[in-house]
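I opened this one to look at the ligand site, the domains and a couple of helices. My notes follow in the order I looked things up.

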Amino acid sequence: MSLSFHYAGSPAHIVFGEGASQNVANWIEKIGCRRALVLSTPQQKGDAEALAATIGPLAVGIFSGAVMHTPVNVTEAAMKMVSESRADCVVSLGGGSTTGLGKAIAYRTDLPQIVIPTTYAGSEVTPILGQTEDGRKTTIKGAKILPEVVIYDASLTIGLPVALSMTSGLNAMAHAVEALYAQDRNPISTLMAIEGLRAFRSALPEILLKPSDLEARAGGLYGAWLCGTVLGTVGMALHHKICHTLGGTFDTPHAETHAIMLPHTAAFNSVAVPELLKPVAEIFGSAVGGGLWDFARSVGAPLALRDIGLTEADLDKASQIAVDNPYWNPRPIDGPSIRALLQDAWEGRRPQ
Ligand code: NAD
């Protein structure tokens with residue numbers, strides 16, 4: 001067998017364990033810091049206060065204004081607090097929105113980040129920052145953006161609502177599915193993607209049944225780490241482009257959009273790369289798209305774009321934007337086929 005690939009492992013410290021977030025103070029010291037600013041959304045302010053209490057004197061403040069899509073004006077308000085508190089690191093407690101704020105601060109200051117993820121979005125292990133200004137979302141990639149320490153503690157994810165747990169898991173699975181056919185994939189990214197899909201295949205139904213089962217919650221975080229890591233290391237294609245378009249232009253909710261689109265984009269691409277997507281068929285059912293759709297339905301995830309605020313009239317514009325600015329995809333794309341794919345996703349039809 002002839003093998004030729006480039007593999008670059010992430011330099012981040014990855015810590016797994018129930019109760020591991022109790023040791024944040026040790027990690028702050030280990031990375032040479034003494035003044036941590038704790039970040040959260042308004043909804044998780046209480047959890048951020050509890051975390052700051054365990055950090056003790058090394059926590060110099062809490063900024064609880066993180067919101068979806070990292071608006072620059074929120075980052076500027078947080079930056080003011082960074083400088084007033086003379087923070088020398090940030091501790092981000094939450095999902096992709098809070099992690100995004102920590103990354104935006106690190107991008108501007110190079111402060112180290114400790115992230116404690118409480119959803120399965122996977123942003124904590126990518127060097128990617130998406131931020132919005134005047135309604136436009138831009139994406140930046142760079143070493144400064146990648147968090148230094150990630151602490152996965154299942155006990156902090158028990159409160160993640162079940163519906164969001166399911167869509168967040170499906171969002172992460174989309175990273176893994178696209179990693180399987182990425183042009184720059186390597187044997188390690190493929191191993192991680194398959195293991196990530198397997199982790200969610202077993203964790204999501206268990207979380208649905210018993211949301212406070214710590215083992216099931218840990219399984220979700222394990223899947224999030226694997227799927228997030230491949231998102232950070234290989235290129236994404238059609239699926240992420242369409243979801244970026246829908247979220248950016250029509251403001252559809254992030255995780256739900258990914259959850260609805262995944263069976264459709266996977267079915268579309270499986271025609272071109274059936275061998276590469278065979279693991280998906282093996283894990284979720286005999287047909288790639290149909291298997292993923294059945295799984296999403298079985299965990300109660302939304303299945304139709306019309307249920308998350310998109311109108312049928314939006315579909316023409318969405319497919320136009322999705323085919324503008326050509327990008328690589330394993331199957332060539334064209335306006336009419338993307339329009340048909342969006343129609344199916346809008347109606348919630350099961351793909352083959
Ligand atoms: P989120 O961070 O917006 O969280 C959704 C809501 O759930 C928030 O109100 C949050 O406070 C709450 N929540 C989170 N965890 C909770 C818990 N354990 N208990 C109770 N409530 C909890 O949602 P998300 O899907 O994790 O992140 C979406 C954002 O992340 C988007 O802006 C997306 O673009 C970004 N993202 C970025 C990357 C990247 O690599 N840059 C990757 C994935 C997602």
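**Domains.** I'm working from a predicted model here. The C-alpha centres of domain 1 and domain 2 lie 26 Å apart. I looked up the bounds: the domain assignment puts domain 1 at 13–156 and domain 2 at 162–347. Then I checked how they touch, and found 18 residues of domain 1 in contact with 21 residues of domain 2. On the domain 1 side of that contact I get ten nonpolar, five polar and three charged residues.

**Ligand site.** Next I went to the ligand, which has 29 residues around it. The closest are Gly95, Gly96, Thr118, Thr119 and Ser123. Which domains does the shell draw on? Domain 1 and domain 2 each give at least three residues to the shell. I also sorted the shell by class: 20 residues are polar, nine are nonpolar and none is charged.

By element, at least two shell residues come from each of helix 4 (96–109), strand 6 (128–133), helix 5 (162–180) and helix 9 (254–270). Helix 4 gives the most, with four residues.

**Helix 3.** I checked the length of helix 3 (residues 72–85) first. With 14 residues at 1.5 Å a residue, helix 3 should span 20 Å, and its end C-alpha atoms are indeed 20 Å apart, so the two agree. Val74, Thr75, Ala78 and Val82 are the buried residues I noted in helix 3. Looking down the axis, I see the buried residues of helix 3 within an arc of 95°, so they line one face of the helix. On the other side of helix 3, I have Asn73, Glu76, Ala77, Lys80, Ser83 and Glu84 down as exposed.

What do the buried residues of helix 3 pack against? I found strand 2 (36–39), strand 3 (59–63), helix 4 and strand 6. Helix 4 and strand 6 had already come up in my ligand notes, as suppliers of shell residues. Just after helix 3 comes Arg86, with a positive phi near 50°.

**Helix 8.** I ran the length check on helix 8 (residues 238–250) too. Its 13 residues should span 18 Å at 1.5 Å a residue, and I get 17 Å between the end C-alpha atoms, which agrees. The buried residues in helix 8 are Leu238, His239, Lys241, Ile242, Cys243, Thr245, Leu246 and Gly247. I did a double take at Lys241, but it is on the buried list. The buried residues of helix 8 pack against helix 5, helix 9 and helix 12 (314–323). Helix 8 is followed by Asp251, where phi is positive, near 60°.

Technical notes: Residues numbered from 1 in each chain as written. Predicted model: local features only at pLDDT ≥ 70, side-chain atom pairs only at ≥ 80, totals over all residues. Near = placed C-beta within 6 Å. Nonpolar A, V, L, I, M, F, W, Y, C, P; charged D, E, K, R; others polar. Domains from an automatic or database assignment. Contact = placed C-beta atoms within 7 Å. Expected span 1.5 Å × (residues − 1). Buried ≥ 20, exposed ≤ 12 C-beta atoms within 10 Å, placed from the backbone. Arc of directions from axis to C-beta.
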